[in-house]
Amino acid sequence: MIRRLFYMALGAFGAVWVMRKLQSLHPNHLARRAVNNATGALEQVRDFTGDALEGAARRETELRSRFGLDTVENTYHYNVKDGR
């Protein structure tokens, strides 16, 4: 009796496992997974780009202050004739 229950439970587990594997191979599921992965990758690229731009702006401000140049916001020189 115990042996039958064990094999029934093992069979039920195997059936559920196979059903889940087959569902994961369904085209809708694969497409959804691909979109989620692409979205995650895009968010990582956006985060990296934002961090890189922030670091570049900080470094530019540091270099401008070191060399005595104008701030990043005020780069127009009024005493220079450039056709404006």
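Is Glu-54 partly exposed, or is Glu-54 buried? Glu-54 turns out to be partly exposed, with a relative accessible area of 49%. Keep in mind through all these close-ups that the model is predicted.

**View 1. Glu-54 pairs up with Arg-58 in a salt bridge.** The closest N and O atoms of this pair sit 4.0 Å apart. Both residues belong to helix α2, and the spacing of 4 residues is about one turn of the helix. Arg-58 has 52% relative accessibility, so with the line for exposed drawn at over 50%, Arg-58 counts as exposed. Glu-54, at 49%, falls in the partly exposed class.

**View 2. Glu-62 reaches Arg-59 through a salt bridge.** Here the closest N and O atoms are 2.5 Å apart. The two residues are 3 residues apart in helix α2, which means about one helical turn separates them. Glu-62 is partly exposed, with a relative accessible area of 37%. Arg-59 is partly exposed too, at 39% relative accessibility.

**View 3. Glu-62 also makes a salt bridge with Arg-66.** For this pair, the closest N and O atoms lie 3.8 Å apart. Arg-66 and Glu-62 are both in helix α2, 4 residues from each other, or about one turn of the helix. Arg-66 is exposed, with a relative accessible area of 55%. Step back a little and you can follow the links: Arg-59, Glu-62 and Arg-66 form a network of salt bridges. If you're keeping a tally, the model has 4 salt bridges by the rule used here, including the Glu-54 and Arg-58 pair from the opening view.

**View 4. His-29 touches residues from further back along the chain.** His-29 is part of helix α2, which covers residues 27–67. Which residues does His-29 contact once its neighbours within four places in sequence are left aside? They are Gln-23 and Ser-24. Ser-24 is also where helix α1 (residues 2–24) ends. As for exposure, His-29 is partly exposed, with a relative accessible area of 28%.

**View 5. A nonpolar patch shows up on the surface.** The patch is made of Phe-6, Tyr-7, Leu-10, Phe-13, Trp-17, Val-18 and Leu-22. Put together, these side chains belong to residues with about 820 Å² of accessible area. One of the members, Phe-6, lies in helix α1, which runs over residues 2–24.

Conventions:
Residues are numbered from 1 along each chain as its sequence is written. This is a predicted model: local features need pLDDT of at least 70, side-chain atom pairs count only at pLDDT 80 or more; totals for chains, interfaces and linings use all residues. Side-chain values use heavy atoms; hydrogens and water are left out. Patches are made of residues with over 30% relative accessible area and no salt bridge: like charges are joined within 9 Å, nonpolar side chains (Val, Leu, Ile, Met, Phe, Trp, Tyr) within 5 Å. Accessible areas come from the Shrake-Rupley method with a 1.4 Å probe; for residues, only the protein chains shown count as cover. Buried means under 20% relative accessible area, exposed over 50%, partly exposed in between (1.4 Å probe, protein chains only). Contact means heavy atoms within 4.5 Å.
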